[in-house]
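Thank you all for making the time this morning. I would like to walk through one model with you, going from its domains to its cores and then to a few single residues.

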Amino acid sequence: MTLNPRLVKESFSVIEPVAGKAAAFFYGRLFAENPRLRAMFPPAMDMQRDRLFSALTRIVWLLDSPDGLAAYLGQLGRDHRKYGVVDEHYTAVGNALVATIKHFAADMWTDEIESAWVEAYGLASSAMIEAAAADAGVSPPWWLGEVVDHDRRTRDIAVITVRPAQRLEFTPGQYVTVQTARWPRVWRTFSIANAPRDDNTIRLHVRAIPGGWVSSALVQHTRIGDQILLGPPVGTMAPVESDRDILFVAGGTGLAPLKAIIEHVIASGRRPNIHLIFGARRSAELYDMHDLIRMESSFPWLRVLPVVSDEQAYDGMRGRLPDVMERFHSWAEHEVYVCGPGSMVNETVQRLQMSGVPLCRIHRDTIQGEP
Ligand SMILES: NC(=O)C1=CN([C@@H]2O[C@H](COP(=O)(O)OP(=O)(O)OC[C@H]3O[C@@H](n4cnc5c(N)ncnc54)[C@H](O)[C@@H]3O)[C@@H](O)[C@H]2O)C=CC1
């Protein structure tokens with residue numbers, strides 16, 4: 001039996017418009033058939049449902065790209081170790097998944113489609129299991145981290161420094177999932193905002209989102225000395241070794257992974273011209289200017305351009321990030337890294353492409369924040 005991405009994609013496209021209902025059906029089925037699995041998930045499942053679907057969507061659309069798929073499944077498998085997932089859980093999930101697709105794609109369902117799903121799921125789960133097994137020999141499933149600094153930069157934003165109890169290897173641009181004592185089993189993603197350091201500490205830039213459990217716990221209720229849990233570093237946005245000049249476009253706390261990459265470039269000894277356009281809605285939310293100005297003064301090839309979008313009285317550069325970016329000369333010969341709110345990233349990437357920057361030189365990552 002060979003993989004048939006076309007059949008998987010066609011049947012999945014029926015599910016996508018009813019993703020919420022399909023995820024509810026999937027978890028209902030999974031927990032009805034395997035009641036003990038419920039304890040592995042957080043009490044509130046809404047965010048979990050979104051995550052399932054975004055992971056599934058990504059896998060389905062990557063089925064035609066073996067390298068991208070292998071890299072993604074490898075990360076997913078390693079990351080799932082922190083949930084205590086074992087091989088038989090994959091069988092339970094696979095059964096519930098096929099039953100869900102079958103239920104929602106009933107009108108078009110055939111034995112051939114069922115085989116295509118079983119085959120695709122079998123390949124995906126084997127890749128995750130293998131990656132988890134290989135990782136078990138070299139890394140813990142999660143890291144205990146002590147908060148060694150907590151710098152509340154605004155009412156809603158904190159820059160938090162954490163020291164993992166064991167060495168945490170990562171690539172600048174990657175992110176980790178975080179769990180706080182306040183919300184057991186609830187994990188949320190935050191980028192690491194620094195290049196690897198000798199003292200093993202990492203920095204997180206956290207904005208407390210209204211209704212965001214982990215982000216609010218981290219900004220408002222976390223103190224120096226507290227312990228948090230960190231999942232393994234994941235994400236594919238990484239510094240590329242290139243002699244080109246570099247543009248970074250950061251929206252809000254999307255600055256975090258870009259700052260890690262800038263630190264890496266500076267430490268590499270290369271001397272590219274770097275422009276960092278850092279956007280906030282209000283000037284008070286340009287929460288990291290102090291550090292950025294320090295970086296700028298120690299590395300003369302770095303130019304930091306703060307931009308404010310929603311404050312008429314601001315006397316610096318004003319505007320929306322994609323518009324401001326176009327006010328400068330062409331970026332067509334640059335490497336470009338973009339991070340921030342999803343819609344801002346999408347528009348920025350589109351405009352860059354239209355102005356002649358090839359997609360292979362535009363680097364972005366999609367991480368799922370809190371609702
Ligand atoms: N904290 C972290 O480690 C990371 C956060 N992110 C993401 O970065 C985002 C940061 O959010 P906030 O700080 O609340 O940003 P924000 O909503 O305060 O916006 C920051 C900047 O982006 C611009 N912007 C927002 N929406 C836009 C749009 N639709 N079109 C054009 N420009 C737009 C704003 O004008 C402002 O200049 C979140 O979506 C988060 O998931 C991404 C990676 C890491």
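Before I use a database label, a word of caution: UniProt annotations may be inferred rather than shown by experiment, and their positions are given here in the numbering we are using. With that in mind, the unreviewed UniProt entry annotates residues 140-240 as "domain: FAD-binding FR-type". Please also remember throughout that what you are looking at is a predicted model. In this model the annotated span, residues 140-240, is 8% helix and 37% strand, and the C-alpha atoms at its two ends lie 28 Å apart.

The domain assignment, which has its own bounds, divides the protein chain into domain 1 (5-136), domain 2 (143-230) and domain 3 (246-364). Taken over C-alpha atoms, the centres of domain 1 and domain 2 are separated by 28 Å.

Let me begin with the sheet, where six strands are arranged in the order β10-β9-β8-β7-β11-β12, and where the sheet is open and the pairing parallel. The edges are taken by β10 (317-318) and β12 (362-364), and because each of these has a single partner strand, one side of each is left without a neighbour in the sheet. If we look at one of those edges in detail, β9, residues 302-308, runs parallel to β10 and is joined to it by two bridges; Val308, for its part, has Arg318 in β10 as its bridge partner. Lying across β8 (274-280) and β9 is helix α9, residues 289-298, which runs at about 155° to β9.

Now to the nonpolar cores. Which residues have the most contacts inside the largest core? They are Phe248, Leu258, Leu276 and Phe278, in a core of 63 residues. Helix α8, residues 255-268, supplies the largest share of this core, namely seven residues, and the core draws at least three residues from each of domain 2 (143-230) and domain 3 (246-364). If you centre your view on Leu276 and leave aside its neighbours within four places in sequence, you will find it in contact with Phe248, Ala250, Leu258, Ile262, Leu292, Leu302, Val304 and Leu305. There is also a second, separate core, which has 26 residues, including Leu30, Val60, Leu97 and Ala116.

Leu97 comes up again when we turn to Phe26, a residue of helix α2 (residues 19-33). Once neighbours within four places in sequence are set aside, Phe26 is in contact with Leu52, Ala96, Leu97 and Thr100. Is Phe26 buried or exposed? It counts as buried, because 23 C-beta neighbours lie inside 10 Å, and the cut-off for that class is 20 or more. The C-alpha atoms of Phe26 and Val98 are separated by 9.0 Å, although the two are 72 residues apart along the chain.

I will finish with two backbone details that you may wish to look at for yourselves. Most residues other than glycine have a negative phi. Arg185, however, has a positive phi, near 70°, and it lies in the loop between β3 (175-179) and β4 (188-191). This arginine, Arg185, counts as exposed, because it has 12 C-beta neighbours inside 10 Å. Asn200 likewise has a positive phi near 70°, and is found in the loop between β4 and β5 (202-207). With 16 other C-beta atoms within 10 Å, Asn200 is partly exposed.

Key
Residues are numbered from 1 along each chain as its sequence is written. This is a predicted model: local features need pLDDT of at least 70, side-chain atom pairs count only at pLDDT 80 or more; totals for chains, interfaces and linings use all residues. Helices (H or I, at least four residues) and strands (E, at least two) are DSSP runs, numbered from the N terminus. Two strands pair if DSSP finds at least two bridges between them. Two residues are in contact if their C-beta atoms, placed from the backbone, lie within 7 Å. Axes are lines fitted to C-alpha atoms, for helices over the stretch in contact, and angles run from 0 to 180 degrees between N-to-C directions. A nonpolar core is a set of buried Ala, Val, Leu, Ile, Met, Phe, Trp, Tyr and Cys residues joined through C-beta atoms within 7 Å. Domain bounds come from an automatic or database domain assignment.
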